[in-house]
Structures are given as structure tokens and as C-alpha cells.
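User: I am new to protein structures. Please take one part of this one and look at it closely, then show me how it sits in the whole.

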Amino acid sequence: MALFFQTLPFLLDGLLTTLLVSVSVVVLSLAIGIPLGCMLVFGPLWARLPIRLYADFVRGVPILVLLYFVYYGLPVIAVNLPSLPAAVVALTAFKTAQIIEIARGAFQSIPVGQMEAAKSIGLTLPDRFVHVLAPQAVRRFLPPFVNSVVDTVKGSSLVSLLGVVDLMLSLQQVIGRTHIALPLYGIGALMYFAINFPLSALSRRLEKRFI
């Protein structure tokens, strides 16, 4: 018990960094991925092709490779990022590819007849998008998106490899000083669980409601 109270402030600092990285990645990937996902469905061929290539390529590359590429590779072209921004950029690039695919699937799962019916009553393309497609797409988008947020929180543990003092690196540093591994890893697992379990429960609830 004494060990828990001694290490808790340090671990909470690491947990805050984990949350900062995760929230930044989710917000940025949403801001970039949703417009690109819409473009992939409704855009012209010249716009769809590079988006398709980007999504397929990035999703096929391990996150660790992206992290090392951004942190160690970009300095070759004079782009030097500190470890925390580099981690956010790499994770955002990967998460954006996932968001593109989730958005594409959400829109393409809507029956074509919905679009035809909206067109037949005289709605313009922007009106069809706002009043017919988008509300239905959001319902299909939310459950897999929440699941992807859980993956983001878990994947954020890789930023410790770049020296970012997140929850994982905080645990490793405390273990290195105390040589007590199992209880501390148990504390870390409970912290991750406290974040991810509510998100998983929310995903199941959304899935039951909307799908």
C-alpha cells in the first residue's frame, strides 16, 4: 500500500500524458479523416485515388515503423520534431487512415434508394448530404469509431519508445528504481482498464442502439 501512494503521483503524471496524446490524436484524426472519407466516397477520381492509396498504405504499416519514420526519418529532410509532437503526428497519420475507412464504410452502407428518394423530391446535393446521408452515416460511424478510440489509448503506449514519459514509461522508470514489477504493472493495467472499459461499454451500447 505504501508503494502505491509513493508512486501514484508519478504514475498520474504519466497517465495525463497518455490522455493528452490520445485526445490529440483522436481530435486531429477526426478533423482530417472525416473530410477525406467523404471525398473518398463522393469526390472525383483524381481525389479518390491518392486518398485510397494513403489509407491502404498507412493501415498496412506497423505503428512502430511510423513512429520511427517521423522521429528518426524526417530529420533527413530537415524536419526535426521533439518526441511528443513526433508521436502525435505518427499516431494521427495512422488513426486518420482508420477514420477514412470508417467514414467510407458508414456512407457506403446507406442504401442507394435513400439517395434516389431524396433526389426525387427535389433536394439538392448539399441538402441530401445534410438531411439524409449524414444523420444515417453518423449512426453507423459511432460504434466502430469508439472502438478505434480504445485502440488509440492502447497504441499510445508505444510513444514511450521515443522517450515520451507516458503511463508505460512511468511504470518502467518506477520499476527500474524499485525492482518491483508485478504490482506496478497491475496498477498500470488497472489505469488503462479504467479508461478503456467505459469506452468499450459505450461502443456496445451504441452498437445495440444504432445497428
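Analyst: Here is a close look at the salt bridges around one glutamate, followed by the rest of the chain.

Start with the setting. This is a predicted model. The chain has eight helices and zero strands. Reading along the sequence gives the pattern α-α-α-α-α-α-α-α. The C-alpha trace spans about 70 × 45 × 20 Å along its principal axes. Of the 211 residues in the chain, 40% are buried. Now take the contacts with a separation of 6 or more. Residues 24 or more positions apart account for 77% of them.

Now zoom in on glutamate 101. Which residue forms a salt bridge with glutamate 101 at 2.1 Å? The partner is arginine 52, and 2.1 Å is the distance between the closest N and O atoms. Arginine 52 belongs to helix H2 (residues 45-59), while glutamate 101 belongs to helix H4 (residues 83-108), so the pair ties together parts that are 49 residues apart in sequence.

Is glutamate 101 buried or exposed? Glutamate 101 is buried, because its relative accessible area is 14% and the limit for buried is under 20%. Arginine 52 has 23%. That value makes arginine 52 partly exposed.

Glutamate 101 also meets the side chain of arginine 59 in a salt bridge, at 4.0 Å from N to O. Arginine 59 lies in helix H2 and glutamate 101 in helix H4, so this pair ties together parts that are 42 residues apart in sequence. Arginine 59 counts as partly exposed, because its relative accessibility is 38%.

These residues are part of a network. Salt bridges link Arg52, Asp56, Arg59, Glu101 and Arg104. Counting by the same rule gives six salt bridges.

Compare a pair inside one helix. Lysine 154 and aspartate 151 meet in a salt bridge through their side chains, at 3.8 Å from N to O. They are three residues apart in helix H6, so about one helical turn separates them. Lysine 154 is partly exposed at 46% relative accessibility. Aspartate 151 is partly exposed too, with a relative accessible area of 41%.

Next come the rings. How many aromatic pairs does a search of the whole structure find? It finds five. In one pair, tyrosine 68 and tyrosine 72 have ring centres 5.6 Å apart and planes at 55°, so the pair is tilted. Both tyrosines lie in helix H3, four residues apart, which is about one turn of the helix. Tyrosine 68 is partly exposed, at 35% relative accessibility. Another pair joins phenylalanine 141 and phenylalanine 145. This pair is stacked, with 5.4 Å from centre to centre and 20° between the planes. Phenylalanine 141 and phenylalanine 145 are four residues apart in helix H6, so they too are separated by about one helical turn. Both phenylalanines are buried. Back in the tyrosines, ring pairs link Tyr68, Tyr71 and Tyr72 into a cluster.

Two of these tyrosines also appear at the surface. Leu64, Tyr68, Tyr72 and Leu161 make a nonpolar surface patch of about 370 Å². Leucine 161 lies in the loop between helix H6 (125-155) and helix H7 (167-178). Its relative accessibility is 43%, so leucine 161 counts as partly exposed.

Serine 160 is in that loop between H6 and H7 as well. Serine 160 counts as buried, because its relative accessibility is 10%. Its side chain reaches the backbone oxygen of serine 157 at 2.8 Å. What does serine 160 contact beyond its neighbours within four places in sequence? The contacts are Asp166, Met168 and Leu169.

One more loop deserves a look. Alanine 78 lies in the loop between helix H3 (63-73) and H4. Its phi is near 65°, a positive value in a residue other than glycine. Alanine 78 is exposed, with a relative accessible area of 63%.

Finally, consider the surface of the chain. The chain exposes about 11500 Å², and carbon and sulfur atoms supply 71% of that area.

To return to the starting point, glutamate 101 is buried, and it has salt bridges with arginine 52 and arginine 59.

Terms used: Residues are numbered from 1 along each chain as its sequence is written. This is a predicted model: local features need pLDDT of at least 70, side-chain atom pairs count only at pLDDT 80 or more; totals for chains, interfaces and linings use all residues. Side-chain values use heavy atoms; hydrogens and water are left out. Patches are made of residues with over 30% relative accessible area and no salt bridge: like charges are joined within 9 Å, nonpolar side chains (Val, Leu, Ile, Met, Phe, Trp, Tyr) within 5 Å. Accessible areas come from the Shrake-Rupley method with a 1.4 Å probe; for residues, only the protein chains shown count as cover. Helices (H or I, at least four residues) and strands (E, at least two) are DSSP runs, numbered from the N terminus. Buried means under 20% relative accessible area, exposed over 50%, partly exposed in between (1.4 Å probe, protein chains only). A polar contact is a pair of N or O atoms within 3.5 Å; within protein, one must be able to donate a hydrogen and the other to accept it, and residues adjacent in sequence count only if both atoms are side-chain atoms. Contact means heavy atoms within 4.5 Å. Rings of Phe, Tyr and Trp (its six-membered ring) pair if their centres lie within 6.5 Å; planes under 30 degrees apart count as stacked, over 60 as edge-to-face and the rest as tilted.
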